[in-house]
Amino acid sequence: MDSTLFFPPSCHSTRVSIIGAGKVGSTLAQRIAEANLANVVLLDVVEGLPQGVALDLMQAGAVECHDREIIGTNDYADTAGSDVVVITAGRPRTPGMERSDLIAINTKIVATAIKQAIAYSPDATLIIVTNPLDVMTYIAWQVTQLPSFRIMGMAGVLDSARFQTFIAMELNVSVADVHATVLGSHGDLMVPLPRYSTVNGIPITELMPSETIDRLVKRTRHGGAEIVGLLKTGGAYYAPASSIRIMVESILLNRSRLLPVSAYLQGEYGLKDIFLGVPCWLGCRGVERVLELNLTPSERAAVAECGESVRQGITEADQVLVSLSLL
């Protein structure tokens, strides 16, 4: 029996492949198709899983009135010619687990997946979602040897969205009027920046006391763990999928959105040869440019601490790659 479900080709040629058909991957496939951004290939190692999700989403398309093609497959050959490849495959966190606890198992998964995906889509832009995010993005760059601007990690959009949500809830204002900025690693050391977070242009430092801001910053840093603790059997997937979707949109439509992503730094923020969450312009070539914000000494020190933590994770992941002969 053929492991792939094929559907009649659509008139649209833009293609996004999502490696990993779990909750993040399947929700992202829905977001992309229903936004009419691209055709989608959903790949997973579990036979039947991506095919079933794809068929369900195609049937939903009849109600949502889009004609995007969605393919479910276990074969990387079906991802050929993708414009964007998103890696969501990997073990998720469980309650009490740190993102760094996933390095050993997810390094092997990401390295293997990215090598196979890029073999069929050598011109694709890559978005890494698997945790620990910044470390896995660096690993993807190492094993593919692609130009660094074509590889990025999704984290800053999600972390900023969480901060944005908590600010709106606290002030009882529309989230549409709130803009939040978060730098650094995707983890407990991330650096929310109240000075650069505003409500309709007004810094939140003028709208709430420092004690309240500190509480929201702490909740943002532990935003993923809070959801993991509540769900108990998995992590967040609606907000991550939405965050990836806006990145995909900016790349495919060449919108040059200024978004916080895990990007390769070559001296910005005093850091070199590392992927870390910073504001970037995203366009059709990937990361067009990194914006270096004017940080206070304490903010810069916090970003440096994130960088040191990521470097430690990279060293551990490199050891895994060497042991598996993947580097």
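# A short tour of the model

Let's start inside. Set aside sequence neighbours within four places, and I32 is in contact with V16, I18, L37, A38, V40, R245 and V248. Keep in mind that this is a predicted model.

I32 belongs to the largest nonpolar core, which has 83 residues. Which of them touch the most other members? They are I32, V86, I127, I244, M247, V261 and L282. In soluble globular proteins, nonpolar side chains tend to be buried together.

There is another core, lying apart from the largest one. This one has 14 residues. V178, V182, V199 and I204 are among them.

Stay with that stretch of chain for a moment. Three strands form an open sheet here, in the order β7-β10-β11. The pairing is antiparallel. Which strands sit at the edges? β7, residues 178–179, and β11, residues 202–203. Each of these pairs on one side only.

Now β10, which covers residues 198–199. β10 pairs with β11 over 2 bridges, in the antiparallel sense. V199 has I202 of β11 as its bridge partner. And V199 is the residue we just met in the core of 14 residues.

So much for V199; next, I202. I202 lies in strand β11. Is I202 buried, partly exposed or exposed? Its relative accessibility is 37%, so I202 counts as partly exposed. Leave out the neighbours within four places, and I202 is in contact with S197 and L207. How far is I202 from L158? In sequence, they are 44 residues apart. In space, C-alpha to C-alpha, the separation is 22 Å.

On to an annotated residue. UniProt, in an unreviewed entry, lists H186 under "active site". Where is H186? In the loop between β8, residues 182–183, and β9, residues 191–192. H186 counts as buried because its relative accessibility is 9%, and buried means under 20%.

Next, the largest pocket. Its space comes to about 900 Å³. The lining has 41 residues. Closest to the pocket centre are V24, T88, G90, R91 and P92. Which elements give two or more residues to the lining? There are α1 (23–34), α3 (103–120), α5 (156–171) and α7 (223–231). α3 gives the most, with 5 residues.

Last, some backbone details. First, a cis peptide bond. The bond runs from N131 to P132, with omega near -5 degrees. P132 is in the loop between β5, residues 125–128, and α4, residues 133–144.

Then two positive phi values. Q145 has a phi of about 60 degrees, although Q145 is not a glycine. Q145 lies in the loop between α4 and β6, residues 151–153. With 64% relative accessibility, Q145 counts as exposed.

N254 is not a glycine either, and its phi is positive, near 50 degrees. Look for N254 in the loop between α8, residues 238–252, and β12, residues 257–266. Why does N254 count as partly exposed? Because its relative accessible area is 40%, and partly exposed lies between the 20% and 50% limits.

To recap. I32 is among the residues with the most partners in the core of 83. H186, the residue UniProt lists, is buried in a loop. α3 leads the lining of the largest pocket, with 5 residues.

Key
Residues are numbered from 1 along each chain as its sequence is written. This is a predicted model: local features need pLDDT of at least 70, side-chain atom pairs count only at pLDDT 80 or more; totals for chains, interfaces and linings use all residues. Side-chain values use heavy atoms; hydrogens and water are left out. A nonpolar core is a set of buried Ala, Val, Leu, Ile, Met, Phe, Trp, Tyr and Cys residues joined through side-chain atoms within 4.5 Å. Buried means under 20% relative accessible area, exposed over 50%, partly exposed in between (1.4 Å probe, protein chains only). Contact means heavy atoms within 4.5 Å. UniProt positions are given in the numbering used here, feature names are shortened, and annotations may be inferred rather than shown by experiment. Helices (H or I, at least four residues) and strands (E, at least two) are DSSP runs, numbered from the N terminus. Two strands pair if DSSP finds at least two bridges between them. On a 1 Å grid over the protein atoms alone, a cavity is a set of points where a 1.4 Å probe fits but cannot get out, and a pocket is an open set with protein on both sides within 12 Å along at least five of seven lines; lining residues have an atom within 4 Å of a point. Grid points are joined across faces, edges and corners, and a volume is the space filled by probe spheres set on the points.
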